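Let's take a friendly look at how some everyday structural terms are earned. Keep the picture open while you read.

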Amino acid sequence: MAKKIAVLHHRHQDWVPALQAAEPLVEFRGWHPKQWETGVDRSFLAEAEGLFCWKLPAGFLAAMPRLTWIQNSGAGVDHLLSHPDIPLHIPITRADGQFGYWMARYVAVHLLVSAQQVQACREAQLRAEWTPKLLPEDLTGKVALVLGFGRIGIHIARTLREMGMDVHGIGTSSRTQDGFHVHAIEEAPALLAQARTLVLCAPLTPRTRDLVDARFLANVRNLTLINVGRGELVNLEDLRTAMDTGLVKEAILDVFPEEPLPATHWLWRHPKVTVTPHHSGPSTPHQLIPDILDNLHRFARGEAIEGAVDRQRGY
Ligand code: OXD
């Protein structure tokens, strides 16, 4: 009998055929997380040993007594690691596919939009005003900090260096990696005082939750903050104060503690904030399946899953 994987995903119609094509020896069935209580095939779940998901509703795993593997449909696994229903022995794997490539583009474009004065040029255009004094900002030699120096952070760092910036990583320990100096998080305050830009791409862990708070932001001057990691890395009220007092020049935010960002949230309307819809790393089958493929084949052959996240570390 073919092994089975349940797909619990808001875009299960895209994922099921793509996963099926990637591993024909496994049987896949999918449901929307909101419909699971009424719409799922419980006999399929009772036999399925694999689960592919993003958000996991409370109680769902009770229907999967034979579960041996959870594949997250994205990079961050904080929502799964803090889930009370997942037994410790079940390996959880993540996938960040081409996120480094895409997030580096995201960071570059948002930085350049501001450095090249795109908004001011458009406003001048609306007034039919020729403004040769509207010079672009030269980013050469300006300090960019990348907080979270894994696969994604390195990509972002390389792109910012290509743009001429003086790039430093901030990570859990101080080291040299891929030609970049990575500073331990405790060294951040001294660096922040010189930084033009801070990019957050760290996972959400007990250590990084609320890391960017009033104390942290007290060190910065005219900073552009770009968050492609997790909304909870930033204390939003402290960010608001730092923007209103001029410590933070602008915030480009792709991730939020609550998603979708509620329509009434002040972030939508703050003049120094750019809100984007958690799109800096596209979690599509095309982008992510290459990361998942080896484990899919292992699962089909009844072999052990590799590359599970470290539950203690949180990523
Ligand atoms: C994420 C993702 O972890 O989109 O944020 O994959």
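Q: What kind of crossing does α1 make as α1 passes α11?
A: In this predicted model, α1 passes α11 in a right-handed crossing. Handedness comes from how the near helix is turned relative to the far one: clockwise counts as right-handed.

Q: What is the angle between helix α1 and helix α11, and how far apart are their axes?
A: Helix α1 (residues 12-22) packs against helix α11 (residues 285-300) at an angle of about 45°, and their axes are 10 Å apart. Roughly parallel needs an angle under 35 degrees, and roughly perpendicular starts at 65, so α1 is oblique to α11.

Q: Why is α5 called oblique to α7?
A: Helix α5 (residues 99-115) and helix α7 (residues 151-162) pack at about 40°, with 8 Å between their axes. That angle falls outside the parallel, antiparallel and perpendicular ranges, so α5 counts as oblique to α7. The crossing of these two helices, α5 and α7, is right-handed.

Q: Which residues are around the ligand?
A: They are W54, G74, A75, G76, F99, R230, H278 and S283. To be listed, a residue needs a heavy atom within 4 Å of the ligand.

Q: How does the shell around the ligand divide into nonpolar, polar and charged residues?
A: Three are nonpolar, four polar and one charged. Glycine is counted as polar here.

Q: What makes the approach of H278 to the ligand a polar contact?
A: A polar side-chain atom of H278 is 2.7 Å from a ligand oxygen, and the cut-off is 3.5 Å. G76 uses a polar backbone atom, 2.6 Å from an oxygen of the ligand. For S283, a polar side-chain atom lies 3.5 Å from a ligand oxygen. The ligand taken alone exposes 210 Å², and the protein buries 92% of that.

Q: What is notable about the peptide bond from E259 to P260?
A: The bond from E259 to P260 is cis, with omega near -5°. Most peptide bonds are trans. P260 sits in the loop between β12 (248-253) and β13 (273-275).

Q: Where is D210 found, and what is its phi?
A: D210 is in the loop between β10 (195-200) and α9 (214-217). D210 has a positive phi of about 60°, although it is not a glycine. Most residues other than glycine have a negative phi.

Notes
Residues numbered from 1 in each chain as written. Predicted model: local features only at pLDDT ≥ 70, side-chain atom pairs only at ≥ 80, totals over all residues. Heavy atoms only, no water. Polar contact = N/O pair within 3.5 Å; in protein donor to acceptor, adjacent residues only side chain to side chain. Areas by Shrake-Rupley, 256 points an atom, 1.4 Å probe, with all protein chains shown as cover. Axes fitted to C-alpha atoms, helices over the stretch in contact; angles between N-to-C directions. Helix = DSSP H or I, 4+ residues; strand = E, 2+ residues; numbered from the N terminus. Parallel < 35°, antiparallel > 145°, perpendicular 65-115°, else oblique.
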